[in-house]
Protein chains: 4
Amino acid sequence: MTHSGDDRTLLSTRISPRDLAALTDATRDFIREEIQPLEEAAKGDIEAAGGDRVRVKMQHAAKAAGVFAPQVASEFGGHNLNMVDRVPIFEEAGYSLFGPLALNVAAPDEGNIHLLQHVANEEQRDRYLRPLARGEFRSAFAMTEPAPGAGSDPSALRSHARRVDRGWVLSGHKHFITGADGVDFYLFMARTKGMPGDRGGATMFLVPADTPGIELVRHLETIDRSMIGGHCELTFTDVWVPDEAILGDIDLGFDFAQWRLGPARMTHVMRWLGAARRAHDIALAYVVNRRGFGRALGELGMTQQLIADNEIDLAATRALLMTACSKLDGGESASQATSIAKVFGAEAICRVVDRSMQMCGGLGMTDDLMVARIYREVRPFRVYDGASEVHRWAIAKRAFSMARTQYGG
Amino acid sequence: MTHSGDDRTLLSTRISPRDLAALTDATRDFIREEIQPLEEAAKGDIEAAGGDRVRVKMQHAAKAAGVFAPQVASEFGGHNLNMVDRVPIFEEAGYSLFGPLALNVAAPDEGNIHLLQHVANEEQRDRYLRPLARGEFRSAFAMTEPAPGAGSDPSALRSHARRVDRGWVLSGHKHFITGADGVDFYLFMARTKGMPGDRGGATMFLVPADTPGIELVRHLETIDRSMIGGHCELTFTDVWVPDEAILGDIDLGFDFAQWRLGPARMTHVMRWLGAARRAHDIALAYVVNRRGFGRALGELGMTQQLIADNEIDLAATRALLMTACSKLDGGESASQATSIAKVFGAEAICRVVDRSMQMCGGLGMTDDLMVARIYREVRPFRVYDGASEVHRWAIAKRAFSMARTQYGG
Amino acid sequence: MTHSGDDRTLLSTRISPRDLAALTDATRDFIREEIQPLEEAAKGDIEAAGGDRVRVKMQHAAKAAGVFAPQVASEFGGHNLNMVDRVPIFEEAGYSLFGPLALNVAAPDEGNIHLLQHVANEEQRDRYLRPLARGEFRSAFAMTEPAPGAGSDPSALRSHARRVDRGWVLSGHKHFITGADGVDFYLFMARTKGMPGDRGGATMFLVPADTPGIELVRHLETIDRSMIGGHCELTFTDVWVPDEAILGDIDLGFDFAQWRLGPARMTHVMRWLGAARRAHDIALAYVVNRRGFGRALGELGMTQQLIADNEIDLAATRALLMTACSKLDGGESASQATSIAKVFGAEAICRVVDRSMQMCGGLGMTDDLMVARIYREVRPFRVYDGASEVHRWAIAKRAFSMARTQYGG
Amino acid sequence: MTHSGDDRTLLSTRISPRDLAALTDATRDFIREEIQPLEEAAKGDIEAAGGDRVRVKMQHAAKAAGVFAPQVASEFGGHNLNMVDRVPIFEEAGYSLFGPLALNVAAPDEGNIHLLQHVANEEQRDRYLRPLARGEFRSAFAMTEPAPGAGSDPSALRSHARRVDRGWVLSGHKHFITGADGVDFYLFMARTKGMPGDRGGATMFLVPADTPGIELVRHLETIDRSMIGGHCELTFTDVWVPDEAILGDIDLGFDFAQWRLGPARMTHVMRWLGAARRAHDIALAYVVNRRGFGRALGELGMTQQLIADNEIDLAATRALLMTACSKLDGGESASQATSIAKVFGAEAICRVVDRSMQMCGGLGMTDDLMVARIYREVRPFRVYDGASEVHRWAIAKRAFSMARTQYGG
C-alpha cells in the first residue's frame, strides 16, 4: 500500500464501558431533544426540512453536544470508536431519520471517511478527508451502474479510465449514487484493466464534483426520502483527472472497496436498527394508551405477539451485530458474519417496522405517526448494499465450500 | 324490511361461462389499453391524474367498451354479475390502480351501490342509487370514528341522531372516510338508541353532502394515493335531515351494514388481487429480460422461489375468494369464509407485492416501475376493513365456540 | 392406446349435492365409530394394529356401511366420484390414519386403481384391477430408485427390461416402494429404450409379487407408521415376464405415469388434509377444556392466533384442491394447479399439525394424544410425491416460460 | 440465605481464550470419536444403547479425556466455566444426543448441580452434590404437575408438605419429571404455605428416591428418546422427610427455583444448538455429495436458500446466547434476554432441523440418517421449559410495562 498514514494512529479503540454509556446517553438525549423535532416537523423528508442548510445546523449542534463524528479517528476530530462500540451509538443516531446526518455517521460519507482513513495519502487526507470528517464536505461513492454494468456483480464494471499524459480520462454511466446531488467530490470506480466480467482491474479516483464532464442526469424517485442528495443517475464523459486522483493503487480498486464494504454494511444495520426501535416505541406508546375490547390494546394477546416478536428481532439483530463487529475489530475473517448480520438485520428491521405499523392501526398508515415514513425508508435496505438473495447465495456458497472440503467424496 | 324493491329483480345471476370469458377479456383489454397509460403517466396518483375529471373520462370509456358497472343490477344499468363471477372481472379491474374507478367498481361506491340495491326504497333509488350506479354521483360511507369511537369495535359508535319534529339532527366526528372529498352524499351511521358500547341501536342516514353542518376537517395523509377523494376526517354538527333520510329501518343500522360488509370485503380482495398480479407481472417481465451470473435472473433458484411463492399466493387467494363467494351466492352462512379470505388475501397480496419489488432490485424501489407505488397502495389493506388481528380473533372465536359445543366438558 | 376399455363407462361423474352430503356424513360416521377406536388403540401404527388382518376387517366394515371405494368406477364396484367430489370424502377418510385403507382409497392402491382403470386391457382388468378394487389384492408402484437413479428426476431411470422371446427380463434396484411388503403385484417401471437421462423410453410392467427374482431387501425405517407394507427397498434380478405384462404401450411408461400423477397428488392432499383437521380438532378439544391464567386456554390471544391460522390453512388447502380438481375433471391443463395445491397443501398441513401439537402443550408431545403421531405421519409429505423445492421449481419454470413469451425482449 | 458455602469459591470464572479453545477442541474430538459411534449404533435411543450402563461408561471416558463436568465448580471436580464460556462447550456436547450425558451437562442434573452449588448447605453438598457432580448419582427436579396444578403457571402448585414433629410429610402428583426412572434423589417442590394460586409459599425438599411413599406411575411416551430416565408421572403419598431435607429456606422455593431457571434455560439452548448444527452438517454432507439436474444438490438455488437460512438461524441463536449469558455472568437483570434467547433459539433450532431433513430428501425421513431422530428430539423444546407462547407473553408484558411507565397517559 502506498499511503503514508500510520495505521496505528488510526486504529479505533474500545473506550471504557462507563465512557461508552455516557456517550450513548448523550447521543440519545441529543437526538430526542434537538433532532427529532426537526425531523417530525418535516415528516422525515430531508429536503423538505431544508436540505443542506439543516444538515449544517444539526452538525453544529452535534459538535456543541460533544456527540459529533464518534467513529472518526481522534486526529480527524472524532471519538475513534471501534466497531463494537459503534453499535449502541449508531443505533441511537438512527433513532431519528436525520440523526446519522447530524452526527456525520450517515451513508455514504461515513463509509467514505472509513475508507479514506485507511487508504488516502497525506495530501488526500488534507484535501478530502479532513473537511469531510468535519462536515464541511459531502461525498458520494460512484460504483453502481445501470444494467448490464456493475451491480450485484461488481466485476461487470463498465466505466473506464484511459491513461493520458500525467493523468486519466474517466467515462461511465452510474446510477443509485446516494447523496450525489450537492456533493463536493466523488469516489469514482473505473476499470483500468481488463473487460467487463474480469474480476480485477478497477481503480478508485477522487474527483471534485465541479470537474468538467460530470452530469447529474436525474434523481431516481425512490420510496425513501431521508437521504440528503437523493439517489442519482450520473454520467462521466471524458472527465480528466491528474495522477494524484488515484486512491490507493492502480488496479486494486475492488480490494480497497472491500475495506469499506464490511464495516459500511454493519453501520447500515446499526442505523436502521435505531429506526426500527423508534417504530417499535411509537407502537408501544400507541398500544399503551389506546384501548379496545375493555383493555389497553397492548394487553391483548395478538398485540402481545407483535410486541414480543419485535423485541426478539431487535435483540437478535443487535446480537448479530456484536458478533460480526467483534470479528471485524479482532481482525478475524468476518465476511460470513457480516453477511449474516446484514441479511438477518435488514429483514428483521422491515418486520419490526411492519408490525409496528400494524399495531398503530389506521393511524399507522398516515403521516400522523412517523412509522409510515419509516416503513418507506427501511424497505430498500433489503436490496441496497447487497440484496438478501445475493447475501444468502454468498452465505450458502461459503458453507458449501467448507462442507465439500470436509465431507466431499 | 320496509323497502319496496323486489329482491327477485335484483338477484345477481350467473352468466354463461362463455359470456363471462368474453367480459373478462374485454375488461382486460380495456384496462391495458385505455386505463394503464393514464395511470402510469400519473404514477398511480389519482389526483395527479386529474381527479374527478379523469374519473368521468374513464367511466365514459368503460361504458363505450361495454365493461361499465358489471356488478350492478340490470335495471340500474349493469351486468348483474353474482359474486363468483365478479372474481375474475374485479381482478382484471384491479390490475390497474385506476381500473376499479373506471368500471365503477371501486370502494366505497361499489359497496354503497350493493347496499342501496338491497335496502333503499323507491324514492331513494331514484334520488341516490340510479345516479350513483351511472357514475354521476360519488358517495361515502361514514362509519369509522376517532378513538374511543367506532373502529374495530362498531358498538363503540358515538355519533348520534336526535329526534326532532319530522326529522333528525345528526352530530358526530368521523375519520378515515374514504372518498369524502368531492362526494355527493353520505351514508352516515349514528346512534338512535343506547350508549356507546351497546351492540344495537344504530341507524343509517342518507345525507346530501351540501347539507349545512358538515365540515371536512382534513385529509389523512395515508401512504396510498389511488383512492379518489382521499381518506378524510369529518365533523357533523347539528345536521338536520328529514325522516326520508333513513336508510332501511330505525335502530337496525348495524344489521343493514352486515349486508354491505361481507360482499364489500370480498370485492376488496378481488381488486387488490389484480394489483398484486400486476406487480408479479412487472417482476416477471423484469427477471425475464435482466441477466446476471450468466443467466436470466428468473432462472436463478432464489428468484424461482420468489416466483413460485407468488404463484401460490395468487392462486390461494383466488381459490379462497371462490369458496367464500359461492357461499355468499348460495345464501349460506359465509362469515368464517369471508374472514378467512380477507385475512389470507390481504397478507398474501402484500407478500406478492413485496416479493415482486424484491425481484426488481434497485429499480423496484423507484417510481420507474409501478411496483413501488403498488407496494404503498396495498399495505393499508391489512388494516382497513378489519385488521388481520381482528379477523383472526373472530375466526378463532367462531371455531372455539363450535368446539365448545362439541367437545366442552 | 391399446386397451379395450370404453372410457365413457369409466368417466367419473358428479353426484347430486344431496347424495354427496349423505355419503360424506356416512363416511364421517363410519370413520369415527368404527375406525378411530382401532387406530387409537394401536397409536396409529398399522402393523401394531394387526396389519393386513385389520385391513381386511376394516374393509368389510366399510362395505357394510356403503362407503367402500367411493372413487372406483361403478363397474368395478365403486361410487364413481369425480375428483371434485372426492375432496370431502377423502378428507373424511383421512381423518383417521387408518381411514383411507378402510375405504380402499389409500396410497398406492388408490392411484394404481386409477391408472389401471384408464390403461389396463380387459384381461389385465380381470386379473389385477377387479381384485384390487375389491380389496382382495394389494399393489405397489415400483418407480423410485436409489441415487443416481429415478427420483425427483424420473428420466434418470436405470431399471431396464431386456427383450427375450415372447417376453421381457426385468432388472433394477428400487427403494421407497410404499406398501411393498405383502403386496400381490407390482407396477414396475423399467427402461425399454435409451439411457439414464433420456426423457422417454420407459415401460410399465404388471408383475405378480411371487415371480422369481424379486427380493425385498429391507424396510426403510421412516418416521411414519400408518402405511401398510411400509416403505421398502427391492431388487429385481432377471425377472421374466410375458408380453402380456406390459401396461399400456411400450416406451410410453412416462406418459402413462402422468395419468396417475396429477390425481394421485391431489388425493394425497385430501387424505392428509383430513389428518390435519383431526389434529386441529384434538387441539380444539384440549384448549376448550384446559384452563390457565383464569380462562380457557382457547380464549387466550396467542392460542386464538394458532386456532385462526389453522382454520385459514385448512380452508386454503381445501380451496386449492377444489380449483385443481375442477380443472382435472374439466380436462383442462392442470399441472400448475396441482403443483400449487400440492406444495401449499403439504406445507399447510404440516403447519396445522405443528400448531395443534403446540396448543396441547406437554401432552401434545406424548402418545396420550394422537397429535404427536400425526406429526410424524405428515412430515414426509413435504418430500414424497415431489419435494416442495421440486414443485416450486416447476411452478416457477412454467410462469417464467409464459412470461418470456409475453414480455421477452 | 442459610447455607454455609462461600459464594466466592463458587463463582464461575472466565478462562483464557486459548484454554477455552483447547477445551472446545478436546470436547469436539471426544464427542465425535467416542460418543457419536455409540449414539449412531443405537439410533439415538439412550435406553437401546444400554441406559445407565452406557452413561457410566461414557462418563468414565469423558473424565479420561479431561472434558467431564466443565461447568462444575473446581472444588467439586469441574472446570468452573462461566455462562459465556459454556456456550461453545455445551454446543459441542450437544452435537451428539448422548454428548451432554457423557459430560454430565445434561438436563436435569446440570441444572440441579447449578442450584445445589448455590443453595445446598455443607451437609447437603456432601450427601447430594458431590456424588451428583461426579456422576455417581442421578437426580430429578419434581416440579410440574398435571392440570390443574403447576405448569406454565408455577403458582398453581398443589403438592403440599405438612409439618410434623422434626420433619415434613409430602404429598403430590407430578408429571413430565425428566430422568425420574432410576434416579437417586428428587428435588421436590411442595407448598408449605397458602393455596394453589398464591404466588409464594413453596419449599424445595431433597428426597432420596427410595423413601417410602414414592411411586413411579408411568413413562409418558414422548416423541424424544435421548433423555435417560424418560419423562415420568409420579405420586408422592405421605412421604416423610426430616427437617434437614429442606433446600434453602422454608417458603422460598419459588425464589430459589429462579436461580436454576435462567441458566438452565440457556444451557438447554446451547445443547440443542449443537444438535441443530449436527443436523445441518448431515444435510451439508448430503447435498455436497448427491447430484441432481447436473449439479451437486447444494449448488441449486433453493438448496442454497435452505443452507443460508440454517447458517443465519444458527448464528443468531449463538449470538443471543452470548448476549444473555453475558448478562447472567455480569449479574445484570437477564430475564428478558434469557426469554428472548430461549424462544428464538427453540424455534430456530426446530427450523434448522426441519430444513436439514428437507435437504436430505427421502433419506431424511428414515433412520438411515440421524436427522430424522434429531427432528423428534428437538420438537418438545418449543414446549418444555416454557412454551414459546408463554415466553412471548412474558416478553411482551415486560416491554408493555416499561412503555407504560415511559409513555402512559
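Two residues count as in contact here if their C-beta atoms, placed from the backbone, lie within 7 Å. Keep that in mind as you work through this predicted model.

**Exercise 1.** Work out how many residues chain A and chain C each bring to their contact, and of what class those of chain A are.

*Solution.* Start with the count: five residues come from chain A and five from chain C. Now sort the chain A side that touches chain C by class: two residues are nonpolar, three are polar and none is charged.

**Exercise 2.** Find out how chain A and chain D are related.

*Solution.* First, a bit of background: a rotation about an axis and a shift along it relate two copies of a chain. Here, turning chain A by 180° with 0.0 Å of shift along the axis lays it on chain D, with an RMSD of 0.0 Å. That's the relation of a two-fold axis. Next, which residue of chain A comes closest to the rotation axis? That's A:A319, with its C-alpha at 2.5 Å. Last, look at the interface: 100% of the interface residues of chain A are interface residues in chain D too, so the copies meet through the same surface.

**Exercise 3.** Split chain A into its domains, then describe how domain 2 and domain 3 touch.

*Solution.* The domain assignment gives domain 1 (7-134), domain 2 (139-251) and domain 3 (258-407) in chain A. Within chain A, the C-alpha centres of domain 2 and domain 3 are 30 Å apart. Their contact takes five residues from domain 2 of chain A and six from domain 3 of chain A. On the domain 2 side, that makes one nonpolar, three polar and one charged.

Key. Residues numbered from 1 in each chain as written. Chains lettered and ligands numbered in written order. Predicted model: local features only at pLDDT ≥ 70, side-chain atom pairs only at ≥ 80, totals over all residues. Least-squares fit on C-alpha atoms with pLDDT ≥ 70 in both. Domains from an automatic or database assignment. Nonpolar A, V, L, I, M, F, W, Y, C, P; charged D, E, K, R; others polar.
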